[in-house]
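Thanks for making the time this morning. I would like to walk you through one structure, beginning with its strands and then turning to the core and the charged pairs.

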Amino acid sequence: MSLKPLLIVEEGPDKGRQFATEAVQFRVGRSEDECDFILSDVDSAISREHFAVIRRGDAFLFNNLSRNGSTINGVKTEQTLLKDNDLIRIGLQTVIRFSLQEQRDSNVNPNFG
């Protein structure tokens with residue numbers, strides 16, 4: 001089985017929205033041209049490109065792209081490995097939960113483990 005990241009907006013104008021992907025890298029922010037998960041511009045402190053997540057095997061590297069900053073579980077962070085259920089705070093109001101979902105590899109025969 002492999003792990004698939006799921007972002008869930010817990011607080012802020014986009015509360016309830018979710019984003020799941022199998023991409024090796026994805027960006028989050030307000031830019032429709034540059035981001036994969038596009039947030040509303042109601043929270044003006046969210047940058048056009050606020051952060052990126054890069055997959056390395058089953059590890060996920062958080063990379064802050066914004067001068068406005070980001071915190072992970074209350075700690076201001078530029079770059080760190082994300083863990084299941086980490087809370088990412090961006091802008092003035094937005095909190096996003098990083099969750100890992102187990103996903104069966106499509107090329108694995110379920111009858112043979």
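**Strand register, core and charged pairs**

Let me start with a single pair of residues: asparagine 63 stands opposite glutamine 79, which belongs to β9. Please keep in mind throughout that what you have in front of you is a predicted model. In the same stretch of pairing, phenylalanine 62 is set opposite threonine 80 of β9, and the two strands concerned, β6 (residues 59–64) and β9, are paired in the antiparallel sense over 3 bridges.

Stepping back to the sheet that holds them, we find 5 strands in an open arrangement, ordered β4-β3-β5-β6-β9, with mixed pairing. Its edges are β4, at 37–38, and β9, at 79–81, each of which pairs on one side only.

On to β5 and β6, which run antiparallel and are joined by 6 bridges. These two strands form a hairpin with 2 residues between them, and glycine 57 in that turn has a positive phi of about 70 degrees. Within the hairpin, arginine 55 stands opposite phenylalanine 60 of β6, while the arginine 55 side chain also takes part in a salt bridge with aspartate 58, where the closest N and O atoms are 3.3 Å apart. The two partners differ in their surroundings, since arginine 55 counts as buried at 18% relative accessibility, whereas aspartate 58, at 45%, is partly exposed.

Positive phi values also turn up away from glycine. Most residues other than glycine have a negative phi. Asparagine 73, however, has a positive phi of about 50 degrees, and its place is in the loop between β7 (70–72) and β8 (75–76). Asparagine 85, likewise not a glycine, has a positive phi of about 75 degrees and is found in the loop between β9 and β10 (86–90).

Which residues have the most contacts inside the largest nonpolar core? They are Leu7, Val28, Leu39, Phe51, Leu82, Ile88 and Ile96, in a core that has 18 residues. The elements giving two or more residues to this core are β1 (2–11), β3 (25–29), β5 (51–56), β6, β10 and β11 (94–103). If we follow valine 28 outward, leaving out residues up to four places away in sequence, we find that it touches, among others, Leu7, Leu39, Phe51 and Ile96, as well as Glu49 and His50.

That brings me to histidine 50, in the loop between β4 and β5. Is histidine 50 buried or exposed? With a relative accessible area of 0%, histidine 50 is buried. A polar atom of its side chain lies 3.0 Å from the backbone nitrogen of serine 47, and, beyond its neighbours within four places in sequence, histidine 50 is in contact with residues including Val28, Ala45, Asn64, Leu65, Ser70 and Ile90.

Finally, the charged pairs, of which a search of the whole structure finds 6 salt bridges. Arginine 27 and glutamate 49 meet through their side chains at 2.5 Å, N to O. Because arginine 27 lies in strand β3 and glutamate 49 in the loop between β4 and β5, this pair ties together parts that are 22 residues apart in sequence. Another salt bridge joins the side chains of aspartate 14 and arginine 17, at 3.4 Å from N to O; here aspartate 14 is buried, with a relative accessible area of 8%, while arginine 17 is partly exposed at 33%.

Key:
Residues numbered from 1 in each chain as written. Predicted model: local features only at pLDDT ≥ 70, side-chain atom pairs only at ≥ 80, totals over all residues. Heavy atoms only, no water. Pairing = 2+ DSSP bridges. Helix = DSSP H or I, 4+ residues; strand = E, 2+ residues; numbered from the N terminus. Core = buried A, V, L, I, M, F, W, Y, C linked by side-chain atoms within 4.5 Å. Buried < 20%, exposed > 50% of the residue type's maximum accessible area, 1.4 Å probe, protein only. Contact = heavy atoms within 4.5 Å. Polar contact = N/O pair within 3.5 Å; in protein donor to acceptor, adjacent residues only side chain to side chain. Salt bridge = Lys/Arg side-chain N within 4 Å of Asp/Glu carboxyl O.
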